[in-house]
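Here is a short tour of one protein model, written for a reader who likes to follow the contacts. Please keep the 3D view open as you read.

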Amino acid sequence: QVQLVESGGGLVQAGGSLRLSCAASGRTFSNYAMGWFRQAPGKEREFVASITWNGGLTIYAESVKGRFTISRDNPKNTVYLQMNGLKPEDTAAYYCTQYRAANCAGSGCRARADYEYWGQGTQVAVSP
């Protein structure tokens, strides 16, 4: 049974930083691409970032490009999301998710339906 456990969320002022972590277990972590999505109240869950199995390709939503960085540590079975320059519009529940394969590309990395497992989410709140 795959489990994804997020941590690192919290309340921060605009312009601040947070680092989210996601610990994975249940199947060989390095065999799968990983992603982060977020969902604000009253809105649909949206793609934030993805990373292939070896970190060779990272993809970001336009809204976070240049501010957020996704990375992974395969020996630790952990994926990270470093968030800098946070804005109030980044306020949301952030979800870690595991892709169906080792690699993804382009629009395939952004498709929610192609991710197989999801964490419970961690809340990020950014005050003005």
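The sections below go from the model itself to its core, a buried arginine and a sheet.

## About the model

This is a predicted model, in which local features need pLDDT of at least 70, side-chain atom pairs count only at pLDDT 80 or more, and totals for chains, interfaces and linings use all residues. Residues are numbered from 1 along each chain as its sequence is written, and side-chain values use heavy atoms, with hydrogens and water left out.

## The nonpolar core

The largest nonpolar core (buried Ala, Val, Leu, Ile, Met, Phe, Trp, Tyr and Cys residues joined through side-chain atoms within 4.5 Å) has 35 residues, and Trp-36, Val-79, Leu-81, Met-83 and Tyr-94 touch the most other members. Strands supplying at least two core residues each include E4 (34-39) and E9 (92-99); strands are DSSP runs of at least two residues, numbered from the N terminus.

Beyond four places in sequence, the contacts of Tyr-94 (heavy atoms within 4.5 Å) include Trp-36, Arg-38, Phe-68 and Met-83.

## Arg-38

Arg-38 lies in strand E4 and is buried, at 6% relative accessible area (buried means under 20%, with a 1.4 Å probe and protein chains only). Its side chain makes polar contacts (N or O atoms within 3.5 Å, one able to donate a hydrogen and the other to accept it) with the side chains of Glu-46 at 2.7 Å and Asp-90 at 2.9 Å.

## An open sheet

Four strands, ordered E1-E3-E8-E7, form an open antiparallel sheet. E1 (3-7) and E7 are at the edges with a single partner strand each, so each has one side without a neighbour in the sheet. Between E7 and E8 there are 6 bridges (pairing takes at least two by DSSP), and Phe-68 stands opposite Met-83 in E8.

Technical notes
Buried < 20%, exposed > 50% of the residue type's maximum accessible area, 1.4 Å probe, protein only.
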